[in-house]
Amino acid sequence: MTDTLVVLAIGAVGGLLGGAIRIPGGSMLGAMTAVAILQLTSPVRFQIAPQWAVVGQILVGGVIGSTLDRNMIASFRSVLVPGAVAVVSTLVAGVLIGSAFAILGFADPLTSLFGLAPGGMAEMTAAAISLGASGPLVASMHVLRVVAVIVVLPMFLRPAARRALKRRAEEQLPAGGRDD
Amino acid sequence: MRFAIEGEQTGRNLTLLAGAFAGGIAGELLRVPAGAVLGAVLGALAVNLARPGPRLPRGFREGGKILLGTVVGLSFAPELLATVGQLLIPVSVGILLLILAGLGVSLVLHHGFGWDMPTALYASTPGGLSELALTSEEVGARTHVVIAVHTVRVITIVILGPPALTILIGLWPDT
């Protein structure tokens, strides 16, 4: 009981701090880091009931389910084909890369596939834990992915996107000129 | 008046949570792969379709993420840190390939479907939904399209991923 209270309190403080400093995946990353530090530095090994993970999974899943309504489904329809191309291609790429990772022996197949699946960090970690994969390893792999995408990728994406926007503006300019 | 609105929202949240917990617990009891997440998605969705209304506030998801982070943090041990260190380069290569695949998809969306490049780039990048939505707005991408594509991506993988990966693991040579 004391273990549970201590661990939940440390996790909550870490999670709130992580959320407050607005780092990608901040609340989960903050809680994970704070509790990992507690676990790694303490002479005793802390444990809490596994049902807490189930509660976390249900909360994450519940919020996703509550975002889906008829309007959302209608907005998906407007981008159905290209959206499906984007989703299916990204998922297939994730499965292929995860499979290669497992075949090369870096991690077991379940951990590799969930660790490199392009789903949300919390969602993939939740699913991985429930299927018996290494939760910390999957979470660590997703931390790297999100950090790479959010921190590093904009350095390349922003200039590319700005060039495309500039080109679009230039294409629209002659049309405006003709009106004059 | 304000109390009435707050009471309505609280009732709505409790109904959605009841649906999520009923679905999640059923998923766990029925031993569905990743049954808690999947069941909760379907339970809340059922409530939402039966009684449309506002979604659960973001705080619930943050609470779930904090709980998951807490549970994951407890599993850390010195040996695991060493493993994470060893996997840093291979995982980075895997992520780079994932990003390159996303860039390839963005070219298909741009040339094949006429999407503007900022929207195509941000819709096919495998990042976090909220972060991508924010940064995509900054570069003039069509944010609603980016959000729609990423929402479908995450939902698809949450719903189809666990059963599909379980089947794939069953076919794995060493298992």
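These legends walk through several close-up views of a predicted model with two chains, A and B.

**Figure 1. Chain B is built from helices.** Let's begin with the overall make-up of chain B, which has seven helices and zero strands. Written from the N terminus on, its elements read α-α-α-α-α-α-α. Of the 175 residues in chain B, 48% are buried. How many of the contacts in chain B between residues at least 6 apart in sequence join residues at least 24 apart? The share is 37%.

**Figure 2. Chain A is helical as well.** Here you can count eight helices and zero strands in chain A. Following the sequence gives the pattern α-α-α-α-α-α-α-α. Chain A has 180 residues, and 50% of them count as buried. Among its contacts with a separation of 6 or more, 37% are between residues 24 or more positions apart.

**Figure 3. A look at helix H7 of chain B and its kink.** Helix H7 of chain B covers residues 143-171. With 29 residues at 1.5 Å a residue, this helix should span 42 Å, and its end C-alpha atoms are 39 Å apart, which agrees. Now look along H7(B) for Gly161(B), where there is a kink of about 50°. The proline Pro162(B) comes shortly after this kink.

**Figure 4. Helix H3 of chain B is mostly covered.** Helix H3 of chain B takes in residues 58-74, 17 residues in total. From its first C-alpha to its last, H3 of chain B reaches 25 Å, close to the 24 Å expected at 1.5 Å a residue. Is H3(B) mostly covered or mostly uncovered? It is mostly covered, with 14 of its 17 residues buried. Zoom in on Leu68(B) and you will find contacts with residues of chain A, among them Met28(A), Ala53(A), Gly56(A) and Val60(A). Leu68(B) is also in contact with Ala122(A), Thr125(A) and Ala126(A), again leaving aside neighbours within four places in sequence.

**Figure 5. Leu38(B) sits in a buried spot.** You can find Leu38(B) in helix H2 of chain B. Why does Leu38(B) count as buried? Because 28 other C-beta atoms lie within 10 Å of its own, and 20 or more are enough for a residue to be called buried. Leu38(B) and Ile159(B) are 121 residues apart in sequence, yet 5.8 Å apart in space, C-alpha to C-alpha. Not counting residues up to four places away in sequence, Leu38(B) touches Gly61(A) from chain A, together with Gly27(B), Val32(B), Val158(B), Ile159(B) and Pro162(B). Pro162(B) may look familiar from the kink in H7(B).

**Figure 6. Ile95(B) touches residues of chain A.** Ile95(B) is found in helix H4 of chain B. Ile95(B) is buried because 25 other C-beta atoms lie within 10 Å. Which residues does Ile95(B) touch, not counting those up to four places away in sequence? They are Leu144(A), Arg145(A) and Ala148(A). Ile95(B) and Pro126(B) are 31 residues apart along the chain, and their C-alpha atoms are separated by 9.1 Å.

**Figure 7. Where the two chains meet.** In this view, 93 residues of chain B are in contact with 98 residues of chain A. On the side of chain B that touches chain A, each of the helices H1 (2-29), H2 (35-50), H3, H4 (78-113), H5 (117-123), H6 (129-138) and H7 supplies at least two residues. Which helix gives the most? H4(B) does, with 19 residues. This side of chain B divides into 61 nonpolar, 24 polar and eight charged residues.

**Figure 8. Inside the largest nonpolar core.** The largest nonpolar core has 96 residues. The members that touch the most other members are Phe114(A), Val37(B), Val41(B), Leu68(B) and Val158(B). H7(B) gives the most to this core, with ten residues.

**Figure 9. How confident is the prediction?** The model scores ipTM 0.70 and pTM 0.68. Chain B has a mean pLDDT of 81, and 88% of its residues reach 70 or more. Within chain B, confidence is highest in H2(B), at 87, and lowest in H6(B), at a mean of 65. Chain A averages a pLDDT of 80, with 82% of the residues scoring at least 70. In chain A, helix H1 (residues 2-20) has the highest confidence, at 91, and helix H8 (residues 135-179) the lowest, at a mean of 67. Over residues 175-180 of chain A, pLDDT stays under 50, and the model has zero contacts beyond four places in sequence for these residues.

Methods:
Residues numbered from 1 in each chain as written. Chains lettered and ligands numbered in written order. Predicted model: local features only at pLDDT ≥ 70, side-chain atom pairs only at ≥ 80, totals over all residues. Helix = DSSP H or I, 4+ residues; strand = E, 2+ residues; numbered from the N terminus. Expected span 1.5 Å × (residues − 1). Bend = angle between axes of the 7 residues up to and from the residue. Buried ≥ 20, exposed ≤ 12 C-beta atoms within 10 Å, placed from the backbone. Contact = placed C-beta atoms within 7 Å. Nonpolar A, V, L, I, M, F, W, Y, C, P; charged D, E, K, R; others polar. pLDDT = per-residue confidence, 0-100. Core = buried A, V, L, I, M, F, W, Y, C linked by C-beta atoms within 7 Å.
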